[in-house]
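Me: I'd like to learn how to read the features of a protein model. Could we walk through one together?

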Amino acid sequence: MAQNRGAAGGSQAPSNRAPEYSIIVPTYNERENVAVLMWMIDRAMQEAGAGYEVVFVDDASPDGTADAVRELIRAFGTHRVRLITRAGKLGLGSAYGSGLAHASGEWIILMDADLSHHPKHLPAFIAKQRATGADVVSGTRYQLGGGVAGWNLVRKLTSRGANILASFILGARTSDLTGAYRLYRRDALAKLLAATKSRGYAFQMEVIVRAQYSGLRIEEVPIVFVDRLYGQSKLGVGEYVQFVKGLLRLLVGL
Ligand SMILES: Nc1nc2c(ncn2[C@@H]2O[C@H](COP(=O)(O)OP(=O)(O)O)[C@@H](O)[C@H]2O)c(=O)[nH]1
Ligand SMILES: [Mg+2]
């Protein structure tokens, strides 16, 4: 059973076995966030009793995020923290792909670096995956126990509206299509990434809709999304345009 394989806690000696979970964290200018994030991930994964590694994928962040990650490698060890550096800002979709190519876990967790995806939810993802045998466990803001903190009404309505619209148009059964905090069976994620063409928030939507359409088992866990405290979000008008374009393309293409 998965429980037995995941017995390596955070404080135990490094083993040569692959970790059960690889947590891929794309970063662009997250210098202030990565250390706190790593510390909280380590605690959460110990609580879950799960062996893990964190794979940071940094796109030459001008703020020196990569150096902050190198310090974490020194503090936590090369079995716990890995750093993939890329030459420039190449986008989230390909960052997940680069992370996956270097990840050794059987299960892959994708999460943002800015603490919007709180590591305290990790044990719930893992418990759900272990209890149900799901291929994908998706964090949802839109079920009981989930939510958003720090957003104004306009942003809340935009996100909720986009989700309702997209669910209706695409027949999606998942309640949070645009969230990015998810756990995947490794081979499932590889196939989904290879097929997905959208960018921005439409990317997350395309991945989960493709997962549903290809018959993968999807479960959800409620998460509270907290707006970032440090650094800059990528949200802008361009994101909305890309989302609508992505939605239309999925409508005709899937
Ligand atoms: N490697 C990489 N990471 C990125 C890129 N764009 C955003 N990120 C990271 O992806 C995560 C989500 O980005 P964020 O700006 O917080 O998006 P938002 O929360 O939707 O506004 C954060 O960890 C960012 O640092 C990129 O082009 N390359
Ligand atoms: Mg964010």
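Me: Thanks! Which residues form a nonpolar patch on the surface here?

Reply: First, keep in mind that this is a predicted model. The nonpolar surface patch is formed by Leu-165, Phe-168, Ile-169, Val-244, Leu-248, Leu-251 and Val-252, and together these residues have about 710 Å² of accessible area.

Me: Which helices supply at least two residues each to the patch?

Reply: Those are α6 (153-170) and α9 (237-253). The most comes from α9, which gives 4 residues.

Me: Let me take Leu-251 as a test case. Is Leu-251 buried, partly exposed or exposed?

Reply: Leu-251, a residue of helix α9, has a relative accessibility of 43%, so it counts as partly exposed. The partly exposed class runs between the 20% and 50% limits on relative accessible area.

Me: And what about nonpolar residues in the interior?

Reply: The general idea is that in soluble globular proteins, nonpolar side chains tend to be buried together. In this model, the largest nonpolar core has 35 residues, and Tyr-21, Ile-23, Ile-41, Met-45, Phe-56 and Leu-122 are those with the most contacts inside it. Elements that each supply at least two residues of this core are β1 (21-27), α2 (34-48), β2 (52-58), α3 (65-76), β3 (81-85), β4 (107-110) and α5 (122-132). Helix α2 gives the most, with 8 residues.

Me: Why does this core lie between domain 1 and domain 2?

Reply: Because domain 1 (1-113) and domain 2 (139-254) both give residues to it. For a close look, take Leu-122: not counting residues up to four places away in sequence, it touches Ile-23, Ile-41, Ala-44, Met-45, Ile-109, Met-111 and Tyr-181. There is also a second, separate core, with 31 residues, including Val-136, Ala-166, Ala-180 and Ala-202.

Me: How many residues of each domain are in contact with the other?

Reply: Contacts join 19 residues of domain 1 and 16 residues of domain 2. The centres of the two domains, taken over C-alpha atoms, are 22 Å apart.

Me: Let me try a charged residue too. Is Glu-206 buried or exposed?

Reply: Glu-206 sits in helix α8 (residues 201-213). Its relative accessible area is 1%, so Glu-206 is buried, as that class covers values under 20%.

Me: Which residues is Glu-206 in contact with?

Reply: Setting aside neighbours within four places in sequence, Glu-206 is in contact with Ala-195, Thr-196, Lys-197, Ser-198, Arg-249 and Leu-250.

Conventions:
Residues are numbered from 1 along each chain as its sequence is written. Chains are lettered from A and ligands numbered from 1 in the order in which they are written. This is a predicted model: local features need pLDDT of at least 70, side-chain atom pairs count only at pLDDT 80 or more; totals for chains, interfaces and linings use all residues. Side-chain values use heavy atoms; hydrogens and water are left out. Patches are made of residues with over 30% relative accessible area and no salt bridge: like charges are joined within 9 Å, nonpolar side chains (Val, Leu, Ile, Met, Phe, Trp, Tyr) within 5 Å. Accessible areas come from the Shrake-Rupley method with a 1.4 Å probe; for residues, only the protein chains shown count as cover. A salt bridge is a side-chain nitrogen of Lys or Arg within 4 Å of a carboxyl oxygen of Asp or Glu. Buried means under 20% relative accessible area, exposed over 50%, partly exposed in between (1.4 Å probe, protein chains only). A nonpolar core is a set of buried Ala, Val, Leu, Ile, Met, Phe, Trp, Tyr and Cys residues joined through side-chain atoms within 4.5 Å. Domain bounds come from an automatic or database domain assignment. Contact means heavy atoms within 4.5 Å.
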